[in-house]
2 protein chains.
Amino acid sequence: MLFANEAFYRAFADRDVAAMDGVWAAHAPVACIHPGWNALVGRDKVMASWRSILAGGAPDIRCRNAEASVFGSVAFVICYEQIGGEFLVATNVFVREEARWKMVHHQAGPTGRPTLEQDDEGGVIH
Amino acid sequence: MLFANEAFYRAFADRDVAAMDGVWAAHAPVACIHPGWNALVGRDKVMASWRSILAGGAPDIRCRNAEASVFGSVAFVICYEQIGGEFLVATNVFVREEARWKMVHHQAGPTGRPTLEQDDEGGVIH
């Protein structure tokens, strides 16, 4: 399940718009709350925001301490987003769509430095 | 579905610890991200945080523009939290537990003033 969460952060870090598009659900309704923004509802608005963010030189971002809660075909992941020495904390919601986990919602907001888990590979532990 | 979201904000505004306890899932794993905090994982930590917040004179809070996305027995609500003239934006995740919607996750973070929907009753529109 965390593979889908990793794919989101890989697309983010790689500034890969096509990969980011593939991370998000194609059919289920989607929404996104970037730090400090109002909520974006609907795939068109959400993807437009990602095109803008990724084109604008998105910061180097690293996912830390990801933990998933799975409820059948819906799951949410809580994780930290490390950008240099700063941290955001995120909620990422996924649903099963055509047998794959697809993102339907992302919210990130400011937080203090967490206690970080071992993370030599820059990946996800759990 | 939004009734459960309203119950959360009613418990918050009323500083009602028992009602807040009843809002959250009893069996499913729960988590909570208060604005600026690290993530709290587990019912004991989450409820301890609410007891502290509600005992400390929680601010008058009003839920605005709530919108639910329902995926079978899991749902999430995006809404704004108005505290005086300031706004937070929240993601609230619910699961069906013993035939009732129960909160399993809450994240709130700072945002700008949204375009507010008509909301004469101080309730939820959608």
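**Group meeting: the sheet of chain A and its contact with chain B**

Hi everyone. In chain A, six strands make up an open sheet with mixed pairing, and the order across it is S2-S1-S6-S5-S4-S3. Strand S2, residues 40–41, and strand S3, residues 62–71, are the edge strands of chain A; each has a single partner strand, so one side of each has no neighbour in the sheet. Please keep in mind that this is a predicted model.

Something also packs on this sheet: helix H1 of chain A, residues 2–14, which touches S3, S4, S5 and strand S6, residues 100–111. The direction of H1 makes about 145 degrees with that of S3(A).

Let's walk in from the S3 edge. S3(A) pairs with S4(A) in the antiparallel sense, over eight bridges. Their hairpin has two residues between the strands, and Gly72(A) there takes a positive phi near 65 degrees. Next along, S4(A), residues 74–83, and S5(A), residues 86–97, are also antiparallel, with 10 bridges between them.

Which residue of S4(A) is the bridge partner of Arg64(A)? That's Tyr80(A). Tyr80(A) also stands opposite Val89(A) in S5(A), if you'd like a residue to click on.

Now, the contact between the chains. Chain A and chain B bring 27 residues each. On the chain A side, strand S1, residues 31–33, along with S3, S4, S5 and S6, each supply at least two residues. The largest share, six residues, comes from S6(A). By class, that side of chain A has 17 nonpolar residues, nine polar and one charged.

Thanks for listening!

Methods:
Residues are numbered from 1 along each chain as its sequence is written. Chains are lettered from A and ligands numbered from 1 in the order in which they are written. This is a predicted model: local features need pLDDT of at least 70, side-chain atom pairs count only at pLDDT 80 or more; totals for chains, interfaces and linings use all residues. Two strands pair if DSSP finds at least two bridges between them. Helices (H or I, at least four residues) and strands (E, at least two) are DSSP runs, numbered from the N terminus. Two residues are in contact if their C-beta atoms, placed from the backbone, lie within 7 Å. Axes are lines fitted to C-alpha atoms, for helices over the stretch in contact, and angles run from 0 to 180 degrees between N-to-C directions. Ala, Val, Leu, Ile, Met, Phe, Trp, Tyr, Cys and Pro count as nonpolar, Asp, Glu, Lys and Arg as charged, and the others, Gly among them, as polar.
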